[in-house]
Amino acid sequence: MTAQHHQISEQQGLGRKIISCLAGENRVIAVGNKVFLSKKWQTFHDFLFSYVLDLFGRDWLEKENSKPYEERHPFIEWYRLAVEDRNSASKNTNNKIFTLSPSGAGQAFLRLSYGLYLLAHNLEIQNILLKRLKNKDKFIGTFHEISVTSAFIVAGFSIEIENKENSSVSHCEFNAFYPLTNERFSIEVKARELGKTSVRDLLYKALKKEVKYFRVIFIALTLEDMKDDKLQETYNEVIACENGLTINGNNTPPAYVFVYNNQYLAKLKDKDSKNAGFMVGYKIDDLKRNSFFKNLRDGFKSIQKHKAMFQVFEEIKIGARIPSTFDGEIPEFAFNPEL
């Protein structure tokens, strides 16, 4: 791998790279089999800000914005606060390109757009997905599904979306293939509504589904604060299910379980939100916090055995890195003509 290729991969991950060029005064960007262009896009973030609005549709946005505040779709509030972020930051500089500290809503807005871009560029965006996003009752759950899919794409997995229109059988969110180990996984994403659903119930629903491959379960929380004691409590809740949870009287199957909290979704106006979470092997003995290995070799073998999931976990920890340049150049060099 060349230094340039490594640098691009560090910014854009292991999925399909950004395809872009300048045509006169226009910035041209290819997304899947479509081409977008504008004179206004100085950064990749500029493009993303416009891209998600085009997907939702300007007419739909105007219609939602005209509703009373309490009836509006949550995305409208994300958009409003994201615009405030940009306007506030641009007032403090004369430069066309500037840095900003996004609010929780600003993070959510950009991450949704980047997730949709990754899907369209590496797969395709199904109309049913956009329909679910526009349904305010399904919006947050769909957002989490897109976020998890994005992590797998950036981690270098190939994605196969399940056909959920066939209601005769249960479906996971998607299946994922990791080429470095030739493994396939079935991914299920569950979002916890604050105060409504326990982690145990979400785990039960995910384990109950019929899947093609080894199970990977994501449980998304939206808490204003998730300190170490809350993490440990949630971890213990998952581990307790190993012996105390059955499905129709039968033992539950093993699975990789990711539990994570996106604080920015609970604190939309704050600019200091943090993410927290953990990965654990449900009924996988060598993937626990207290897993014991006789020697370094056994520990290394365990890491190699679960290599695919450690790769995904790294992306979850990073929090969906979003490149700002089009070609993988270091931002300080790309946006500063004096360097």
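Buried means under 20% relative accessible area, exposed means over 50%, and partly exposed lies in between (1.4 Å probe, protein chains only). The model is predicted: local features need pLDDT of at least 70, side-chain atom pairs count only at pLDDT 80 or more, and totals for chains, interfaces and linings use all residues. Residues are numbered from 1 along each chain as its sequence is written, and side-chain values use heavy atoms, with hydrogens and water left out.

**Exercise 1. Ser-50 and the contact of α2 with α3**

Task: Find the element that holds Ser-50, classify Ser-50 by accessibility, and describe how α2 and α3 pack.

Solution.

Step 1. Ser-50 lies in helix α2; helices (H or I, at least four residues) and strands (E, at least two) are DSSP runs, numbered from the N terminus.

Step 2. The relative accessible area of Ser-50 is 16%, so Ser-50 is buried.

Step 3. Apart from its neighbours within four places in sequence, Ser-50 is in contact with Trp-41 and Arg-58, where contact means heavy atoms within 4.5 Å.

Step 4. Two packed helices are described by the angle between their axes and the distance between the axes. Axes are lines fitted to C-alpha atoms, for helices over the stretch in contact, and angles run from 0 to 180 degrees between N-to-C directions. Helix α2 (residues 44-56) and helix α3 (residues 58-65) have axes that come within 6 Å and cross at roughly 85°.

Step 5. Angles under 35 degrees count as roughly parallel, over 145 as roughly antiparallel, 65 to 115 as roughly perpendicular and the rest as oblique. The pair α2 and α3 is therefore roughly perpendicular.

Step 6. From α2, Ser-50, Leu-53, Asp-54 and Phe-56 meet Arg-58, Trp-60 and Leu-61 of α3. By class, the contact of α2 with α3 has 4 nonpolar, 1 polar and 2 charged residues. Here Ala, Val, Leu, Ile, Met, Phe, Trp, Tyr, Cys and Pro count as nonpolar, Asp, Glu, Lys and Arg as charged, and the others, Gly among them, as polar.

**Exercise 2. The contact of α8 with α9**

Task: Give the angle and axis distance of α8 and α9, then the residues that make the contact.

Solution.

Step 1. Helix α8 (residues 199-208) packs against helix α9 (residues 228-244) at an angle of about 50°, and their axes are 9 Å apart. With that angle, α8 is oblique to α9.

Step 2. The crossing of α8 past α9 is right-handed. A crossing is right-handed if the near helix is turned clockwise from the far one by less than a right angle, and left-handed if anticlockwise.

Step 3. Val-199, Arg-200 and Leu-203 of α8 make the contact with Thr-234, Glu-237, Val-238, Cys-241 and Gly-244 of α9. These residues divide into 4 nonpolar, 2 polar and 2 charged.

**Exercise 3. The six-stranded sheet**

Task: State the strand order of the open sheet, and follow its pairings from β4 to β10.

Solution.

Step 1. The open sheet of 6 strands runs β4-β5-β6-β7-β10-β11, with mixed pairing; two strands pair if DSSP finds at least two bridges between them.

Step 2. β4 (158-161) and β11 (275-282) are the edge strands, each pairing on one side only. On average, neighbouring strands of the sheet are turned by 25° against each other, direction ignored.

Step 3. β4 and β5 (residues 174-178) run antiparallel and are joined by 4 bridges. Ile-161 has Phe-174 in β5 as its bridge partner.

Step 4. Helix α7 (residues 139-154) packs on the sheet and touches β4, β5, β6 (183-191), β7 (214-221) and β10 (255-262). The direction of α7 makes about 155° with that of β6.

Step 5. The pairing of β6 with β7 is parallel, over 7 bridges, and that of β7 with β10 is parallel, over 6 bridges. Ala-220 in β7 is the bridge partner of Ala-191, and Ala-220 also stands opposite Tyr-260 in β10.

Step 6. In β7, 7 of the 8 residues are buried, so this strand is largely enclosed by the rest of the structure.

**Exercise 4. Three asparagines**

Task: Locate Asn-182, Asn-248 and Asn-275, and classify each by accessibility.

Solution.

Step 1. Asn-182 sits in the loop between β5 and β6. Its phi is positive, about 55°, although Asn-182 is not a glycine. Asn-182 is exposed, at 60% relative accessible area.

Step 2. Asn-248 sits in the loop between β8 (246-247) and β9 (250-251). Phi of Asn-248 is also positive, near 55°. With 67% relative accessibility, Asn-248 counts as exposed.

Step 3. Asn-275 belongs to strand β11 and is partly exposed, at 34%. The C-alpha atoms of Asn-275 and Lys-317 are 7.7 Å apart, and the two residues are 42 residues apart along the chain.
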